[in-house]
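Open the model in a viewer with side chains shown as sticks. The stops below go through charged pairs and then through nonpolar cores.

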Amino acid sequence: MKRLGARRGCGRTVLGAVSFVVAAAVTAPALAGCAGEVSGTAAAAEVDVRQLPVGNYPTDPLDVRMTYSHSSGEGYAMAIARLADNMVIGADIDPSFNHNLLSKSLTSASSTYAILADPVRTMLDASDMVYGYSTASSTKPLGKSSGFSLSGNFQPFGGAEVDPTASSFNLTVIQFPDQQSAQTAGRDMEAADFNVAPDQNVHVTLTGNPAAIAHWRPGVPSLAAVLTDGPYVVDLFVQQPTADLDGLRGLADKILAAQLPVLDRAPALSAKDIYRLDYDPDDMLRRTLHPSSLINPNPDAEITHTARGYLHYVDDQTTWKPLLDNNGVDRISEADKGSLLFRARDPKSAAALWTAITALTPTPAEAPAKVPDVACADNHDDANNSNKDYNAWNVADRYICTVRYDRYVARVASNQLIDAQQKAAAQYALLANSQYL
């Protein structure tokens, strides 16, 4: 065990109490100084987490229970998550783009189905694309009765039919091995998309990005553009309520102006770089309740994201982005069937975040005994579940518990209250243990 607060005095070493493992009182003679004994009994500063009702859930950090090993498949998952962290969300463009419509990892040409047109996907299949990510935002949410089209035509919202009175955009970024292959792929992607209707499409120049290759169909309120940025190809589709070319070009320029500087923060990765990516560079996954003893990186379900990356998976960005921004949340991690963990600026910010999150599920449920700073709720109303698209816990789960410890806030869920309570207790114990192990 790591020694905390050790100090020398009178020829002996006295250790400060490690609060999370204190089980018995420290006797007065043990604390005696040189001048004699001091009466009184020391008390733990925190609860003894070994006594919490954790069920069979682990309370040791993940890296204590397993050894990370590298593989190319897991490396690609982390590379895609890194790319998502460096792609804009709607709010980066304009506050009105407050609904996320799509978050999709692209591992091959076939994974672009229902996003890119069939001819584009066919072209990509013959290219040497490495990986990519696709996201979409709108000024209005998808309707509950929104249908899906599987026509094979360009479907930038994953096949969903968006509100025609909304402004919407899709942004897809694909990495290629080098700049030359990206330039070739970008030209071929645009040509394949243009040739879906060559007698109707018209080439367009973007005022702010003349290097982009773009086109639109006069009378149709949408525009498509492709721009090469080093080894990346940026594929953009914008849609507005009216067929206003100047408005469409202005929106496309605005999105690219926001995206390109962000993408510059994520230099392209070689195959070696991808293989050697760090599983847990911010020590978040080790603090995240992880029922399994094996890690399975997945950019959509078991990974660490920045706040921006996480928001790609949240529909209600109007609620969540201010919560994360105001409380300095910089990292969010998730473990499959485990918990969703937020790291705030400091303990005070975590307390504010915890209070705000618990208010999102206002129907209270019994919290686990002996666990401080935890609130549980009955999540019977899906409308209260602002994270319904995120996979740390299922939308069908009835009970949600929110836990706070130091600068961390975590959420767990289950269809059974006692299971949710045990997860919450285990997550609290894990956060405490992670401070010292």
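Select K254, which is partly exposed because its relative accessibility is 41% (buried means under 20% relative accessible area, exposed over 50%, partly exposed in between, with a 1.4 Å probe and protein chains only). Now add D94: K254 forms a salt bridge with D94, and their closest N and O atoms are 3.7 Å apart (a salt bridge is a side-chain nitrogen of Lys or Arg within 4 Å of a carboxyl oxygen of Asp or Glu). K254 is in helix α6 and D94 in the loop between α3 and β3 (99-106), so this pair links parts of the chain 160 residues apart (helices, H or I of at least four residues, and strands, E of at least two, are DSSP runs numbered from the N terminus). D94 is also partly exposed, at 26% relative accessibility.

This is a predicted model, in which local features need pLDDT of at least 70 and side-chain atom pairs count only at pLDDT 80 or more, while totals for chains, interfaces and linings use all residues. Residues are numbered from 1 along each chain as its sequence is written, and side-chain values use heavy atoms, leaving out hydrogens and water.

The structure holds 11 salt bridges. For another, select R308 and D92, whose side chains meet at 3.0 Å, N to O. R308 belongs to helix α8 (residues 307-311) and D92 to helix α3 (residues 90-93), so the pair ties together parts 216 residues apart in sequence. R308 is partly exposed at 22% relative accessibility, and D92 is partly exposed at 28%.

Next, go to D330 and R343, a salt bridge of 2.9 Å, N to O. D330 sits in the loop between α9 (317-326) and β11 (331-334), and R343 in strand β12 (residues 340-343), so parts 13 residues apart in sequence are tied together. D330 is partly exposed at 27%, whereas R343 is buried at 12%.

Which residues have the most contacts inside the largest nonpolar core? Select Y131, L223 and V238, in a core of 47 residues (a set of buried Ala, Val, Leu, Ile, Met, Phe, Trp, Tyr and Cys residues joined through side-chain atoms within 4.5 Å). Elements giving two or more residues to this core include α2 (72-85), β4 (131-138) and α6 (245-263). The most comes from α6, with 8 residues.

Centre on Y131: beyond its neighbours within four places in sequence, its contacts (heavy atoms within 4.5 Å) include Y76, L106, V173, Y232 and I274.

Finally, select V371, Y408, A420 and A424, which are among the 25 residues of a second, separate core.
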